[in-house]
Amino acid sequence: MLDLRITIAKAPLFKALRQQMRLLLVEDTMELAQAIATGLRRTGHTVDVVGDVEAADAVLRANSYNVVILDLNLPDGDGLTLLRTMRQRNDQTPTVILTARGSLEDRVKGLDVGADDYMTKPFDFQELEARLRAIQRRDAGRRGATIAVGNVVFDTVARAVYIDGKPLNLPRRELVLLETLMLRLGHVVSKEQLIACLAGFEEDLSAAAIELYISRLRKRLSQADLKIRTLRGLGYLLEAA
């Protein structure tokens, strides 16, 4: 029988992965999927879990993720088929293959198709964390590590916000909201898009909750050269004040 055990570090090691991400885990062994998802959620990340190629493809077409963690042996096909489809439609979401298939041929093929990293089962959770951090650093380097608008600077790597050079402490969800709006400066972002950025499949987040978080964020940004406009029936628009 295939050994699907993983080694999950004790609490202090979970603090290492502080750059919060939205992750899609594609894994059909539900016991293993829940163990991985629970570990990552304990670090503050949002983790969505699906168990087959068709569901993963549908979810990726409708949502944006920082990283995909992808099994290869799925009930309705090979994970490489999903990865190949992603790359063909120019979906460059960083992807870590996590599979029991560990031959050199499998590794080379996975990386050639477009994977950013390749891990075999059983694995150590601490190593998975480290590899996710490395991918995020590389991705942040490609996109630019900071977003600056007026007197507000968002460090996407350190997950820190500064107004006039002074740190602004934000709760996790307000931090994600601000990042989402700053990345879409001058463009309307709907409540549905904000819910998708904030909530995993297992969370029930309402439009009213988004309104509450936006209201709190506005107050925290009272000294910022930014303004969050509400466009009724459409969503929110971040503008330089």
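The exercises below, each with a worked solution, concern a predicted model.

**Exercise 1. The open sheet**

Determine the order in which the strands of the five-stranded open sheet are arranged, and state which strands lie at its edges.

Solution. Strands of a sheet can pair either parallel or antiparallel, through backbone hydrogen bonds. Here the five strands follow the order β3-β2-β4-β7-β8, and the pairing is parallel. The edge strands are β3 and β8 (117-120), each of which pairs on one side only. From one strand to the next, the twist averages 20°.

**Exercise 2. Strand β2 and its neighbours**

Describe how the residues of β2 (22-26) are oriented and covered, and trace the pairing of this strand with β3 and β4.

Solution. Begin with the side chains, which in a regular strand alternate between the two faces of the sheet. In β2, R22, L24 and V26 point one way, whereas L23 and L25 point the other way, and all are buried. Five of the five residues of β2 are therefore below the 20% relative accessible area that defines burial.

Next, consider the partners. Strand β2 is joined to β3 (residues 46-50) by five bridges, and the two run parallel; within this pair, L23 stands opposite V47, while L24 has D48 as its bridge partner. The connection from β2 to β3 passes through helix α2 (residues 30-41), and this β-α-β crossover is right-handed. Four bridges join β2 to β4 (residues 67-70), again in a parallel arrangement, and V26 has L70 as its bridge partner there.

**Exercise 3. The buried face of helix α4**

Identify the buried residues of α4 (residues 79-88), explain why they line one face of the helix, and examine what lies at the helix ends.

Solution. The buried residues are G79, L80, L82, L83, M86 and R87. Viewed down the axis of α4, these residues fall within an arc of 155°, so they line one face of the helix. The general background is that an α-helix has 3.6 residues a turn, so residues three or four places apart point the same way. The buried residues of α4 pack against α3 (53-62), β4, β5 (73-74), β6 (77-78), β7 (95-99) and α5 (104-113).

At the start of α4, a side-chain oxygen of D78 comes within 2.8 Å of the backbone nitrogen of L80. Just after the helix, N90 adopts a positive phi of about 65°.

**Exercise 4. A loop residue**

Decide whether N151 is buried or exposed, and list its contacts beyond four places in sequence.

Solution. N151 lies in the loop between β10 (146-149) and β11 (152-155). Its relative accessibility is 11%, and N151 therefore counts as buried. Leaving aside residues up to four places away in sequence, N151 touches Y162, I163, D164, Q223, A224 and D225.

Conventions
Residues numbered from 1 in each chain as written. Predicted model: local features only at pLDDT ≥ 70, side-chain atom pairs only at ≥ 80, totals over all residues. Heavy atoms only, no water. Buried < 20%, exposed > 50% of the residue type's maximum accessible area, 1.4 Å probe, protein only. Contact = heavy atoms within 4.5 Å. Pairing = 2+ DSSP bridges. Right-handed = clockwise from strand over helix to strand, strands pointing away. Arc of directions from axis to C-beta. Polar contact = N/O pair within 3.5 Å; in protein donor to acceptor, adjacent residues only side chain to side chain. Axes fitted to C-alpha atoms, helices over the stretch in contact; angles between N-to-C directions.
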